[in-house]
Every structure is written in C-alpha cells, then in structure tokens.
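Me: I should like to understand how the terms used for a binding site are justified. Could we go through them one at a time?

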Amino acid sequence: MRSVLHAASLDHVMATVFGARYDPASREGVELEEMVKEGYHLLGMFNWGDRLPLLKWLDLQGVRMRCRSLVGRVNVFVGKIIEEHRQNIKRIGEGEESSAGRDFVDVLLGLEGEEKLSEPDMIAVLWETIFRGTDTVAILLEWVMARMVLHRDIQAKARAELDAVVGPRGTVSDADVARLPYLQSIVKETLRVHPPGPLLSWARLAVHDAVVGGHLVPKGTTAMVNMWAIAHDPAVWADPDAFRPERFQEEEDVSVMGGDLRLAPFGAGRRVCPGKTLALATVHLWLAQMLHRFDWVPAAADDGGVVDLAERLNMSLEMEKPLVCVPRPRC
Ligand code: HEM
C-alpha cells in the first residue's frame, strides 16, 4: 500500500499546490520524489552536530552538506514552477486565454503590499506544503487500512454505512462524507492511536517562564509536545490501546482540529497544521471510495500479509513493516 498511497498523495498535493501533474516515471517526477525522500531522511536523522557544537562545524556525517545540496535542488525546481506561473499570469494579462485553473502558487503571487512574499519565502512556503502534505496523508491512510484489514467487523460496519448513504452501486463524492459519521470516527480513532505527527513540530521554545502541571518551564526551554503519550494516557482515554471508533459516537465527541488538547493530531495554536482541512477531506474521500468498491483482506502470509502494528518514528510515525493487503472487487 505504501508506494501506491505515497504516489497518489504526492500527485494530489502537486495538483493542489502547483496545478501540475507529474508522471512518477518522468525525469521531473523522479526528481521530485527523490527530493521529498531526501528531505524526510535528513530531518529524521540523528545529527551529532546538534549535540556537540564542535562536530557541527566538522560535519562528519555530511548532514549540512546534504542539506545545502537539497536546498539548491529545491530552489531550482520550485523556482522554475513559480516562473512558469508568472509567465502564465502575464499572458493572461495580455489577453491570452488560459486553460489552467488558479492554484496556491497563483494565490501567493497575487499577494500585495505588506503580505507580498519574497522569492525565497515563497519557495519555502511552497516546498513545506509539498513536503509536509505528502507523507502524512499516505502514512495515515496506511494505518487506517491496516486497522481495516485487522478489524473486519469495523470495515463491514463502515461499508454498511456507505451502502445506506450512497447505495451499493453509487459513486462516493465529497458531498457524501458529511453523512458518514462512522467512517469519520474510524479516521479519528486512527489519528488517536497512530498519530502520524506524534511530536508536534518536534520542538517549541518557551518565550517566558511558565508553569505546566505544577512544573516550572523556564524561559528559553525547548520543549516537545508528545501527542502520542497524551492520546495513549489512561487518565485521558478509557482503554486507550483498544481501537474503538465507537468511542466518538457513544461518548462526547472530540474535535481533532486543535480546539481540544486531548486529541490534537494536527497541533494547536498559531503553528497548527494549515493543511488539516485538506488532509481530512482527502483521507475521508479516499477511504470511502476504497471501502465502497473493495473488500480489503490481508495478503497471504508468505506475501508479507501479516499485519504488524509495530511503529517506527522517523520524521513521522509510520508502520515499521509496510502493509500488504488485497482488494477484492465487491461486485
Ligand atoms: C493526516 C495528515 C496530516 C497530519 C497528521 C499533519 C500534522 C501536522 C502537525 C502535527 C503539524 C505541527 C503542528 C504544531 O506543531 O502545532 C503540522 C504542520 C504543518 N502541516 Fe500538516 N499534517 C497533515 C497534512 C498536511 C497537509 C495535507 C498539508 C499541506 C497541504 C500540511 C502542511 C503543513 C505545514 C505547512 C505545516 C507547518 C506549519 C507551521 O510550521 O507553521 N499538513 N502538520
């Protein structure tokens, strides 16, 4: 599932942000995929230079050198796309017709006055959107599908809801998602048990002295918010290790959008994930379509079909053993 979901997610983000589609086999598609992979690898890597300042300058692991090289490649790649958009806007200004829709790059180029972004800032914003928006969606869907294959009763219940709302032969659309509360609870429960970004933004800086839970956090402290620990805390969640989407229907509903710190898989406050609405819309729709059309079962054991829920923390929290499963067409 991993490679399929990753390719789909990258394609989706590229279409949304850049209004561009990339054939994964094309030169540009391969380049993009490589840059995203390298970025994740570098961010997740333990760098001795972060702990021992002397080693930072020696750069024995070559981390700084690789970062510099990646920044250069990103600048060229994203800079070229911005330039293409500029030319397109110019042509439209000169009265030429354009078939391209307005995308996020056009929005950034349209900012004026104090809001106007410099070229390096624009590249940074665009790159971060691609970079943060690709893996997270694919990783979350891989966890959801692992749970669907493991808990066939939950999968069947979600499908029954889909059949009741869309009909067994209909086609699921965005508009149907609002009428699929059980499916939404499945995604919520997966975000609770397997948050793709368990350490919110990795680090936050205390800008003044603060007291948290009776402990003094002095100004200048770097702190990490461990969302995974909160979401698995028995003092916060009943039977926290059980995968039970019903908990969001039986008890008080909890928003995942950052208003309730018991479950904030997209963070909260000023640095909350700006892609959360897009992420949820995508995951809900894709999950609904996958469950509506196919019955998902584990692959044969010798094809790697044993679902193993072991976790691996890189930049995101992903499945240690990639999920292998089989879609059986329903008709
Ligand atoms: C299931 C999918 C996703 C999850 C779980 C997720 C989670 C997160 C988390 C936990 C943060 C840090 C928030 C904080 O520290 O308070 C974050 C930041 C961010 N996310 Fe997402 N995200 C997802 C999808 C997306 C998508 C689809 C996009 C863009 C299209 C995106 C763009 C960003 C950006 C740009 C930031 C950095 C914001 C900043 O530093 O101010 N994310 N995300």
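Reply: Let us begin with a term. A donor is an N, O or S atom within 2.8 Å of the metal. The model considered here is a predicted one.

Me: What makes Cys273 a donor of the iron atom of the ligand?

Reply: The SG atom of Cys273 is at 2.3 Å from the iron atom. The cut-off is 2.8 Å and S atoms are admitted, so this atom qualifies as a donor. Cys273 is the only protein donor of that iron atom.

Me: Where is Cys273 placed?

Reply: Cys273 belongs to the loop between helix 11 (247-250) and helix 12 (276-293).

Me: Which residues come nearest to the ligand?

Reply: There are 20 residues around the ligand, and those that come nearest are Arg132, Ser201, Arg204, Arg271 and Cys273. Each of the 20 is counted because one of its heavy atoms lies within 4 Å of the ligand.

Me: Why is the approach of Arg204 to an oxygen atom of the ligand called a polar contact?

Reply: An N or O atom in the side chain of Arg204 is 2.4 Å from an oxygen atom of the ligand. The limit for such a pair is 3.5 Å, so the term polar contact applies. A polar side-chain atom of Arg271 is 2.6 Å from a ligand oxygen atom, and therefore this pair also meets the limit of 3.5 Å. For Ala268 the atom concerned is a polar backbone atom, at 3.4 Å from an oxygen atom of the ligand; this value is within 3.5 Å, so the pair counts.

Me: Which elements give two or more residues to the shell around the ligand?

Reply: They are helix 7 (119-150), strand 1 (199-205) and helix 12. The largest share, six residues, comes from helix 7. By class, the shell has 10 nonpolar, six polar and four charged residues.

Me: How do you know that the ligand sits in the largest pocket?

Reply: The word "sits" requires more than half of the atoms of the molecule to lie within 2 Å of the grid points of the pocket. The ligand is assigned to the largest pocket, so it meets this requirement. The volume of that pocket is about 1200 Å³. Its lining has 43 residues, and the closest to the centre are Arg132, Val272, Cys273, Pro274 and Gly275. Helix 7 gives the most to this lining, with eight residues.

Me: What is known of the second largest pocket?

Reply: The second largest pocket holds about 730 Å³ of space. Among its 27 lining residues, Gly39, Leu42, Leu43, Cys67 and Phe131 are the closest to its centre. Helix 7 gives the most to this lining, with seven residues. By class, the lining has 18 nonpolar, five polar and four charged residues.

Key:
Residues numbered from 1 in each chain as written. Predicted model: local features only at pLDDT ≥ 70, side-chain atom pairs only at ≥ 80, totals over all residues. Heavy atoms only, no water. Donors = N, O, S within 2.8 Å, 3.2 Å for Na, K, Ca; no water. Helix = DSSP H or I, 4+ residues; strand = E, 2+ residues; numbered from the N terminus. Polar contact = N/O pair within 3.5 Å; in protein donor to acceptor, adjacent residues only side chain to side chain. 1 Å grid on protein atoms, 1.4 Å probe; cavity = no way out; pocket = protein on both sides within 12 Å on 5 of 7 lines; lining within 4 Å. Nonpolar A, V, L, I, M, F, W, Y, C, P; charged D, E, K, R; others polar. Points joined across faces, edges and corners; volume = space filled by probe spheres on them.
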